[in-house]
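Me: I am new to this structure and would love a close look at a single part of it. Could you take me to the place where the ligand sits, and then show me what surrounds that place?

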Amino acid sequence: MNLDPILFLQPARVVDPDSWVGHIAFAHYLVKLIRPRLIVELGAHSGNSASAFAHAQTYLDIEGQTHAIDSWEGDSQATFYGGHIYEDFLEFSRLNFNGRLILKKGYFQDKLADYDDESINLVHIDGCHSYDNVKADYESWLPKLAPNGVMLFHDTTVTQNAFGVHRYWSEIAPEFPHFELPDSHGLGVLMPKGVANAQLQEFADNGLPSELLYFLSMRRTELMNYIATNRQAEIILKKLGPDLERPLSGQIDKASDRLFDMIKAHGENKNWIQKLLKL
Ligand SMILES: C[S@@+](CC[C@H](N)C(=O)[O-])C[C@H]1O[C@@H](n2cnc3c(N)ncnc32)[C@H](O)[C@@H]1O
């Protein structure tokens, strides 16, 4: 298959935790496929996934918004974290996606009334991952999904730590057109109110082509390496103590920017990659 150029779009935000970074390129592509005016995410944490959706909407000039709903308290599986996560993501969204990416602080159930029935084109379920929570999130948000809309389920391949998405996914998926991405803990793509176009129907009929899966897994590895390098740099800086941390942190930031540029350069090598995949 020919890889769509949007798969090479540089991510807007790549931060810890890294569980979603392997889906960023696919998220960009999905937004191109369905051109969603309204995207609602249940569970945003530090913002990797919500930023990918908003970034693609912006890049593709789609008139619309991404709403990220989260209590920003954490939960027993994502761990409970402090207020700095929200503050940092809020600042990022203001600087980069003002008016496009809306952070809605609160519990999912309390935000339902903000949306008309059949008004949301893409719902991403990534809150608490127990069987009962995922089922409740799906059932309560399904009426809000527009005709031909898409529901995403993250963590469909995780079987430990009381994660029950895999069990709920195995029950619900066979009822509707669907496909699944295996990497980054699994992402289920469900189309319970009709299939928007022929490309998605093709994926539902035959799964994702191996060339695309291979490409996505290469993209994932790059971004995971980037996060791991930043993480190591932070650990080293902390160990050096405040006197050395200040003068060195500027250099580390520069190195980190260079790494991000390399990822961008990879995008610019797309013709070469296209050829390689066709061999
Ligand atoms: C796995 S994290 C989301 C990860 C995120 N999508 C990413 O790109 O990394 C789950 C988030 O859901 C939030 N959460 C869980 N249950 C919630 C609920 N009922 N209402 C609001 N937020 C909730 C937690 O605060 C946590 O930040």
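Reply: Happy to. Let's begin with the character of the ligand's surroundings: the residues of the shell comprise eight nonpolar, nine polar and four charged ones. Please keep in mind that this is a predicted model.

The shell counts 21 residues, and those that come nearest to the ligand are Trp20, Gly43, His45, Ser49 and Gly127. Two elements give two or more residues each to this shell, namely helix H2 (48–59) and strand S3 (74–75).

Helix H2 is a good one to follow outward, as it has a packing partner. Two packed helices are described by the angle between their axes and the distance between the axes. For H2 the partner is helix H1, residues 24–34, and the two pack at about 40° with axes 9 Å apart. An angle of that kind makes H1 oblique to H2, because it falls neither under 35 degrees nor within 65 to 115. The crossing in which H1 passes H2 is right-handed.

You can trace this contact residue by residue. On the H1 side are Ile24, Ala27, His28, Val31 and Lys32, and they meet Asn48, Ser49, Ala52, Phe53, Ala56 and Gln57 of H2. Sorted by class, the contact of H1 with H2 holds six nonpolar residues, four polar and one charged. Ser49 deserves a second glance: this residue belongs to the contact with H1, and Ser49 is also among the residues that come nearest to the ligand.

A second helix pair makes a helpful companion picture. Helix H5 (residues 131–141) packs with helix H6 (residues 165–172) at about 45°, and their axes lie 8 Å apart. That angle makes H5 oblique to H6, and their crossing is right-handed. H5 brings Tyr131, Val134, Lys135 and Tyr138 to the contact, while H6 brings Val165, Arg167, Tyr168 and Ile172. Here the residues divide into six nonpolar, two charged and no polar.

Finally, let's turn to the sheet. Strands of a sheet pair through backbone hydrogen bonds, either parallel or antiparallel. In this model seven strands form an open sheet with mixed pairing, in the order S5-S2-S1-S6-S7-S9-S8. Strand S5 (101–105) and strand S8 (178–181) are the edge strands, each pairing on one side only. On average, neighbouring strands are turned by 15° against each other, direction ignored. At the S8 edge, four bridges join S8 to strand S9 (residues 187–190), and the two run antiparallel. One bridge to look for links His178 with Leu190 in S9.

How values were computed: Residues are numbered from 1 along each chain as its sequence is written. This is a predicted model: local features need pLDDT of at least 70, side-chain atom pairs count only at pLDDT 80 or more; totals for chains, interfaces and linings use all residues. A residue is near a molecule or strand if its C-beta atom, placed from the backbone, lies within 6 Å of it. Ala, Val, Leu, Ile, Met, Phe, Trp, Tyr, Cys and Pro count as nonpolar, Asp, Glu, Lys and Arg as charged, and the others, Gly among them, as polar. Axes are lines fitted to C-alpha atoms, for helices over the stretch in contact, and angles run from 0 to 180 degrees between N-to-C directions. Angles under 35 degrees count as roughly parallel, over 145 as roughly antiparallel, 65 to 115 as roughly perpendicular and the rest as oblique. A crossing is left-handed if the near helix is turned anticlockwise from the far one by less than a right angle, and right-handed if clockwise. Two residues are in contact if their C-beta atoms, placed from the backbone, lie within 7 Å. Two strands pair if DSSP finds at least two bridges between them.
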